[in-house]
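Student: Could you take me through one part of this structure slowly? I would like a close look at the place where the ligand sits.

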Amino acid sequence: MNGLSPHPENRLKKTDFFEDPTLPLQVYIRDPQPEFPRHSHGFDELVIILKGTALHEISGLKFPVRAGDVFVVSQNHEHQYLDMHGLALANILFDPDTLDIAHWDIRALPGFHVLFSLEPAFRSQHNFKSRLQLSEQNLNRIYELVQDLTREAEQRNPGYRVMAKGLFMQLAVSLSRAYSSAQTEESLDLLRVGDAIAHIETNYADKITLDTLAKKSHLSNRQFTRVFEKCIGRPPIAHLMFVRCRKAAELLINTDRTITDIAFDCGFSDSNYFTRCFRKSMNKTPKQYRNT
Ligand code: RM4
Ligand code: NI
């Protein structure tokens with residue numbers, strides 16, 4: 001079972017659940033969470049369990065959840081809450097493409113990669129032991145942010161979209177930071193991989209080899225490559241090249257530096273090789289990219 005919905009009729013649509021079509025975000029406080037049939041969504045769901053317990057069935061497996069648990073239900077994954085006892089949760093629906101949260105230095109946080117991509121991908125292998133669990137104190141603080149976000153989205157005062165996105169980003173960073181103090185073996189494994197991904201984001205301009213990355217994650221080169229490809233969709237060095245090209249694209253648009261200088265700034269030691277890589281990732285040569 002791959003967890004993808006075999007029943008498209010149970011796939012919740014953005015247009016039915018996002019009350020404001022101009023905001024790629026929607027908060028629902030389910031207190032209590034009512035019975036709700038198994039479903040998937042055309043959006044992602046950030047779930048914060050506020051009270052009580054339940055059995056969470058996701059991708060065909062069942063995991064107990066309780067107050068303080070935080071996890072992301074990615075698009076197209078089928079899920080359902082069973083055996084609920086006083087379950088209350090904050091459900092933050094978001095459209096990952098429009099909201100585009102993976103920017104700026106949030107990418108330098110290992111916990112961010114874990115929370116939004118690694119944990120959802122490895123959940124079933126880890127029996128959900130790698131989920132984020134907030135202390136009571138952290139949960140209260142996070143809940144305050146959720147309430148601010150709800151208020152902004154409901155009142156729609158001028159500037160509410162920026163405020164809503166800002167608050168969502170603040171939530172994402174706070175949760176990502178909280179993940180760094182996770183203790184289970186499974187979480188530590190994911191944090192190591194998250195650390196390698198964050199390392200690429202911050203050190204792309206320097207020499208980085210597969211050996212350095214695998215060592216950072218305490219895995220063999222083979223294991224690291226397998227885990228990495230499973231989460232990110234490309235092998236580590238191909239991802240490094242992609243990140244370098246993404247940075248180069250920014251510099252091409254925002255600066256007057258020459259193409260050769262940009263190649264060096266982004267960690268390429270040869271500008272012909274840079275041009276080849278760039279064309280592969282962006283479907284344009286650096287020159288064409290700059291001129292469009
Ligand atoms: C439900 C339940 C589901 C969520 C919908 C939007 O009450 O929490 O998981 O997808 O709301
Ligand atoms: Ni759902």
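Tutor: Happy to, and here is a walk around ligand 1 and its surroundings. This is a predicted model, where local features need pLDDT of at least 70, side-chain atom pairs count only at pLDDT 80 or more, and totals for chains, interfaces and linings use all residues. Residues are numbered from 1 along each chain as its sequence is written, chains are lettered from A and ligands numbered from 1 in the order in which they are written, and side-chain values use heavy atoms, with hydrogens and water left out.

Let us start with the neighbours. Ligand 1 is surrounded by L12, F17, R30, Q33, F36, H39, H41, E45, H79 and N91 (each has a heavy atom within 4 Å of the ligand). Sorted by class, this shell has 3 nonpolar, 5 polar and 2 charged residues (Ala, Val, Leu, Ile, Met, Phe, Trp, Tyr, Cys and Pro count as nonpolar, Asp, Glu, Lys and Arg as charged, and the others, Gly among them, as polar).

Now look at the polar contacts (pairs of N or O atoms within 3.5 Å). An oxygen atom of ligand 1 lies 2.8 Å from a side-chain N or O atom of N91. For H39, a polar side-chain atom is 3.0 Å from a ligand oxygen atom, and for H41 the distance from a side-chain N or O atom to an oxygen atom of the ligand is 3.1 Å. Taken alone, ligand 1 exposes 290 Å², and the protein buries 99% of that (areas by the Shrake-Rupley method with a 1.4 Å probe).

Finally, the domains: the assignment, automatic or from a database, gives domain 1 (8-115 + 130-179) and domain 2 (238-291). Their C-alpha centres lie 36 Å apart.

Technical notes
A polar contact is a pair of N or O atoms within 3.5 Å; within protein, one must be able to donate a hydrogen and the other to accept it, and residues adjacent in sequence count only if both atoms are side-chain atoms.
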